[in-house]
Amino acid sequence: MQHYSDLNALLRSEPEARHYFDTLPDYAREQISTRSDSVNSFASLKDYAQNLLRGDD
């Protein structure tokens with residue numbers, strides 16, 4: 001699995017991750033963006049988003 005320096009690098013490099021991120025609710029995108037340094041792979045993006053959507057921040 002590819003790891004990136006942060007969320008922005010991930011979204012620039014992986015169109016699938018960008019599409020997934022763009023389909024999330026605004027509140028989830030905002031929360032993920034505040035922790036962009038710890039979101040460094042598509043898997044970590046999905047895990048974090050799923051936790052947010054379940055209400056488990």
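**Exercise 1. Surroundings of serine 41**

Which residues does serine 41 touch, not counting residues up to four places away in sequence? Work with the predicted model shown above, and state also where serine 41 lies and whether it counts as buried or exposed.

*Solution.* Begin with the position along the chain: serine 41 lies in the loop between α3 and α4. Next, list its partners, leaving out residues up to four places away in sequence, which gives Met1, Gln2, His3 and Leu10. Finally, compare its accessibility with the cut-off: buried means under 20% relative accessible area, and serine 41, at 3%, therefore counts as buried.

**Exercise 2. Two further residues of the loop**

Place serine 36 in the chain, do the same for arginine 35, and then decide for each of them whether it is buried, partly exposed or exposed.

*Solution.* Serine 36 has its place in the loop between α3 and α4, and arginine 35 lies in the loop between α3 and α4 as well. The classes needed here are buried for values under 20%, exposed for values over 50%, and partly exposed in between. Serine 36 has a relative accessible area of 16%, so it is buried, whereas arginine 35, at 38% relative accessibility, counts as partly exposed. For the surroundings of serine 36, leave aside its neighbours within four places in sequence; the residues in contact with it are then Asp6 and Leu7. For arginine 35, take a distance instead: arginine 35 and leucine 11 are 24 residues apart in sequence, and their C-alpha atoms are 14 Å apart in space.

**Exercise 3. How α2 meets α4**

Describe the arrangement of helix α2 (residues 15-23) and helix α4 (residues 42-54), and sort the residues of their contact by class.

*Solution.* The first step is the geometry: the axes of α2 and α4 come within 10 Å and cross at roughly 15°. Angles under 35 degrees count as roughly parallel, and α2 and α4 are therefore roughly parallel to each other. The second step is the handedness, and this crossing is left-handed. The third step is to name the residues that make the contact, which are Glu16, Ala17, Tyr20 and Phe21 on the side of α2, and Phe42, Leu45, Lys46, Ala49 and Gln50 on the side of α4. Sorted by class, the residues of this contact comprise 6 nonpolar, 1 polar and 2 charged.

**Exercise 4. How α3 meets α4**

Repeat the steps of the previous exercise for α3 and α4, beginning with the angle at which their axes cross.

*Solution.* The axes of α3 and α4 come within 10 Å and cross at roughly 130°. This angle makes α3 oblique to α4, and the crossing of the two helices is right-handed. In the contact itself, Tyr27, Ala28, Gln31 and Ile32 of α3 meet Leu45, Tyr48, Ala49, Leu52 and Leu53 of α4. Counted by class, there are 8 nonpolar residues and 1 polar residue, with no charged residues in this contact.

**Exercise 5. The nonpolar core**

How many residues does the largest nonpolar core have, and which helix supplies the largest share of this core?

*Solution.* The largest nonpolar core has 16 residues, and those with the most contacts inside it are Leu7, Leu10, Phe21, Ile32, Val39 and Leu45. Now turn to the helices: α1 (7-13), α2, α3 (26-34) and α4 each supply at least two residues of this core, and the largest share, 5 residues, comes from α4. As background, nonpolar side chains in soluble globular proteins tend to be buried together. To follow one core residue in detail, take phenylalanine 21: not counting residues up to four places away in sequence, it touches Leu7, Leu11, Arg29, Ile32, Ser33 and Leu45.

**Exercise 6. Accessibility in three helices**

Assign a class of accessibility to serine 13, threonine 23 and alanine 43, naming the helix of each.

*Solution.* Serine 13 is found in helix α1, and with a relative accessible area of 43% it is partly exposed. Threonine 23 is found in helix α2, and at 51% relative accessibility it counts as exposed, since exposed means over 50%. Alanine 43 lies in helix α4, and at 28% relative accessibility it counts as partly exposed. As a last step, relate alanine 43 to α2: the C-alpha atoms of alanine 43 and glutamate 16, 27 residues apart along the chain, are separated by 11 Å.

Key
Residues numbered from 1 in each chain as written. Predicted model: local features only at pLDDT ≥ 70, side-chain atom pairs only at ≥ 80, totals over all residues. Heavy atoms only, no water. Axes fitted to C-alpha atoms, helices over the stretch in contact; angles between N-to-C directions. Helix = DSSP H or I, 4+ residues; strand = E, 2+ residues; numbered from the N terminus. Parallel < 35°, antiparallel > 145°, perpendicular 65-115°, else oblique. Left-handed = near helix turned anticlockwise from the far one by under 90°. Contact = heavy atoms within 4.5 Å. Nonpolar A, V, L, I, M, F, W, Y, C, P; charged D, E, K, R; others polar. Core = buried A, V, L, I, M, F, W, Y, C linked by side-chain atoms within 4.5 Å. Buried < 20%, exposed > 50% of the residue type's maximum accessible area, 1.4 Å probe, protein only.
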